[in-house]
Amino acid sequence: MYNQLMDAVVSRLEELFPGYTVYTGNPPQEPERPCLILELKEASEKTMTGRRAIRKIGFSVRYLSGETGQIHKEQNQAAEALMDGLEWIQMPDGLPIRGTDRKHQLTGGILDFSVNYSLSVHKEKEQEEPMENLEITKGLVKTC
């Protein structure tokens, strides 16, 4: 599930920023700029009734701007594109998922953007071995 969600986010980032390199995980020491670095930051699960659960999966997107003289304008445009563009993503099976808690900040000249996606999970019941033989006897048991 995590990899499918990450693939959906990468696909959306490639639509929003055509021609930019999107790195997942650890980028090279000197990444090609401008680029985006996507990382799965955290995941949590809240158990619901029965075998259902809600998984909340948080992603971080770092935007490394190009070597232009208008870095602040470029970062502002990227922040706006990420804020609007990652509100909805589409999973490989066509299911749309809404991003929540979208926020960004500028740290050391790098745009840090974060978004959470929540998925409903239905856990399969473990298969139990059926009993092979069952004997039933009729009658009452007398106790003293």
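# Exercises on a predicted model

**Exercise 1. Check the length of helix α1 against the expected span.**

Solution. Helix α1 covers residues 2-16, which is 15 residues. At 1.5 Å a residue the helix should span 21 Å, where the expected span is 1.5 Å times one less than the number of residues. The end C-alpha atoms of α1 are 21 Å apart, so the two values agree. Helices (H or I, at least four residues) and strands (E, at least two) are DSSP runs, numbered from the N terminus.

The model is predicted: local features need pLDDT of at least 70 and side-chain atom pairs count only at pLDDT 80 or more, while totals for chains, interfaces and linings use all residues. Residues are numbered from 1 along each chain as its sequence is written, and side-chain values use heavy atoms, with hydrogens and water left out.

**Exercise 2. Give the strand order of the sheet and identify the edge strands.**

Solution. Step one: six strands form an open sheet with mixed pairing, in the order β1-β2-β3-β6-β5-β4. Two strands pair if DSSP finds at least two bridges between them. Step two: β1 and β4 each pair on one side only, and they are the edge strands. Step three: from one strand to the next, the twist averages 30°. Axes here are lines fitted to C-alpha atoms, for helices over the stretch in contact, and angles run from 0 to 180 degrees between N-to-C directions.

**Exercise 3. Describe the pairing of β6 with β3 and with β5.**

Solution. Take β3 (residues 52-64) to begin with: twelve bridges pair this strand with β6 (residues 110-122) in the antiparallel sense. Within this pair, Ile 57 has Tyr 117 as its bridge partner, and Ser 60 stands opposite Ser 114. Then take β5 (residues 96-107), which is antiparallel to β6 and joined to it by seven bridges. Leu 106 is partnered there by Leu 111. Two residues separate β5 and β6 in a hairpin, and Gly 108 in the turn has a positive phi of about 60°.

**Exercise 4. Locate the buried side of α1 and relate α1 to the largest nonpolar core.**

Solution. Step one: the buried residues (under 20% relative accessible area, with exposed over 50% and partly exposed in between; 1.4 Å probe, protein chains only) of α1 are Leu 5, Met 6, Ala 8, Val 9, Val 10 and Leu 13. Step two: α1 lies across β1, β2, β3, β4 and β6, at about 145° to β2. Step three: the largest nonpolar core (buried Ala, Val, Leu, Ile, Met, Phe, Trp, Tyr and Cys residues joined through side-chain atoms within 4.5 Å) has 26 residues, and Leu 13, Phe 59, Leu 86 and Tyr 117 have the most contacts inside it. The largest share of this core, six residues, comes from α1. Step four: Tyr 117 touches residues including Leu 5, Val 9, Phe 59 and Leu 86, contact meaning heavy atoms within 4.5 Å.

**Exercise 5. Which parts do the salt bridges of Arg 55 and Lys 56 tie together?**

Solution. The whole structure has five salt bridges, each a side-chain nitrogen of Lys or Arg within 4 Å of a carboxyl oxygen of Asp or Glu. Arg 55 meets Glu 45 at 2.6 Å, N to O. Arg 55 lies in β3 and Glu 45 in β2, so this pair links parts ten residues apart in sequence. Lys 56 meets Asp 101 at 3.5 Å, N to O. Lys 56 lies in β3 and Asp 101 in β5, so this pair links parts 45 residues apart in sequence. Lys 56 is partly exposed at 34%, and Asp 101 is partly exposed at 45%.

Conventions. Lists of a residue's contacts leave out its neighbours within four places in sequence.
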